[in-house]
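Colleague: I am new to this structure and would like a close look at one part of it, the largest pocket. Please describe what lines it, and then say how that part sits in the chain as a whole.

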Amino acid sequence: HSQNRSHIIMPVPAAHTATPADTAQAQSPAGTPEVFVPRYIHGFEQSTPLKETDPLKDLQETIIAIPEGFPSEKIPKTPMNDPVIVGLVLIVFLLFAFTFKKGIKYLGEVLRNSLNVKERQNLFDDTTVRETQLRAVLLIMTFISEGFCLFELVSRHIPSLSEMIGIGICCGGVIAFCYYYLQKWIYTGIGRLFATHTRKWIDSFVSINSLIGIPLALSILAMTFIPPLEKIMFVTAALIYLISRILFIYKGFKIFYRNILDLFYFIVYLCALEITPLFWVYRSSILIYNFVELKIQQL
């Protein structure tokens with residue numbers, strides 16, 4: 001006989017499909033699984049330009065712009081934003097304003113004393129206390145202005161000094177102060193040794209140095225608060241100082257020149273006391289600034 005064998009066919013399980021961890025599955029109406037993969041796995045793109053030109057369709061897109069930063073730059077130090085320099089300017093201005101009474105008359109006497117070589121021409125014989133104070137303020141203006149110019153000159157060769165503007169200008173002012181009184185002491189000694197008109201010569205020296213305080217201060221203010229004029233004002237200040245030295249040399253020549261032999265002594269005086277000391281002051285200023293900078297770095 002024949003036996004009917006019925007074979008039971010078991011359904012074979014479908015092969016296992018690995019699904020990424022960052023994906024999600026959804027069942028479509030037809031029963032086929034759909035896999036959704038995220039688009040921005042590694043973050044947003046810098047920009048997603050629109051692919052449509054129709055304004056109505058463009059609203060469906062989103063533009064993502066991620067701004068990029070830029071490296072910051074340190075604000076450079078200038079005399080205009082240095083509190084020490086601004087404070088010095090204010091102090092000198094207030095001192096000058098409080099002492100400048102009948103100042104035009106006094107300045108006129110200073111100018112006449114700088115040019116006159118008569119025996120009876122001593123400006124400070126009958127000066128009042130206020131005029132003495134004004135002379136001191138004018139000399140302070142001269143020292144600060146010369147110190148500013150000296151600092152600007154040295155800082156062109158030592159760029160690192162630009163970080164210590166206030167201290168540098170104060171050091172320059174101290175150097176100008178010491179150089180002034182060293183000159184005055186030397187002129188007094190030479191005048192007492194070789195001449196009989198020492199007092200007129202010294203008075204002229206003091207008067208001229210007092211007189212140049214105002215134009216030098218104006219040049220320095222322009223250099224400080226109008227940076228485009230810095231080079232022009234620096235040259236102007238140098239010319240003012242040069243003219244003052246020429247004026248003093250002219251006054252000394254008129255006082256002491258008597259014969260042709262005096263011309264030889266005058267040439268020696270120019271080389272020894274007017275030209276050579278300027279180079280020594282410049283070289284010593286560089287050494288002083290290097291020393292001060294080293295001490296500041298060690299603090």
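Modeller: What follows goes from the chain to the pocket, and then to a few single residues. Please keep in mind that this is a predicted model.

The chain has 299 residues, and 33% of them are buried. Its secondary structure comes to 9 helices and 2 strands. Read from the N terminus, the order is β-β-α-α-α-α-α-α-α-α-α, so that both strands come before the helices. Among contacts with a separation of 6 or more, 68% are between residues 24 or more positions apart. The accessible surface is about 20,800 Å², and carbon and sulfur atoms account for 67% of that surface.

Now to the pocket. The largest pocket holds about 710 Å³ of space. Four elements each give two or more residues to its lining: helix H4 (129-155), helix H5 (165-194), helix H8 (230-256) and helix H9 (260-298). Of these, H8 gives the most, with 9 residues. The lining comes to 26 residues in total. Sorted by class, 20 of the lining residues are nonpolar, 3 are polar and 3 are charged. Nearest the centre of the pocket lie Cys149, Leu150, Leu153, Tyr241 and Leu278.

One of those central residues, Cys149, has a relative accessible area of 16%. Cys149 therefore counts as buried, since the cut-off is under 20%. As for cysteine pairs, the structure holds 0 disulfides. Cys170, for example, is in no disulfide. The nearest cysteine sulfur to that of Cys170 belongs to Cys171 and is 7.1 Å away, whereas a disulfide needs the two sulfur atoms within 2.5 Å. Cys170 has a relative accessible area of 35%, so it is partly exposed, between the 20% and 50% limits.

Helix H8, which gives the most residues to the pocket lining, also contains Gly252. With 4% relative accessibility, Gly252 counts as buried, because that value is under 20%. Leaving aside neighbours within four places in sequence, Gly252 is in contact with Trp201 and Phe266. Gly252 and Phe266 are 14 residues apart in sequence, and their C-alpha atoms are 9.0 Å apart in space. The contact between Gly252 and Phe266 rests on heavy atoms within 4.5 Å, not on the C-alpha distance.

Notes
Residues numbered from 1 in each chain as written. Predicted model: local features only at pLDDT ≥ 70, side-chain atom pairs only at ≥ 80, totals over all residues. Heavy atoms only, no water. 1 Å grid on protein atoms, 1.4 Å probe; cavity = no way out; pocket = protein on both sides within 12 Å on 5 of 7 lines; lining within 4 Å. Points joined across faces, edges and corners; volume = space filled by probe spheres on them. Nonpolar A, V, L, I, M, F, W, Y, C, P; charged D, E, K, R; others polar. Buried < 20%, exposed > 50% of the residue type's maximum accessible area, 1.4 Å probe, protein only. Areas by Shrake-Rupley, 256 points an atom, 1.4 Å probe, with all protein chains shown as cover.
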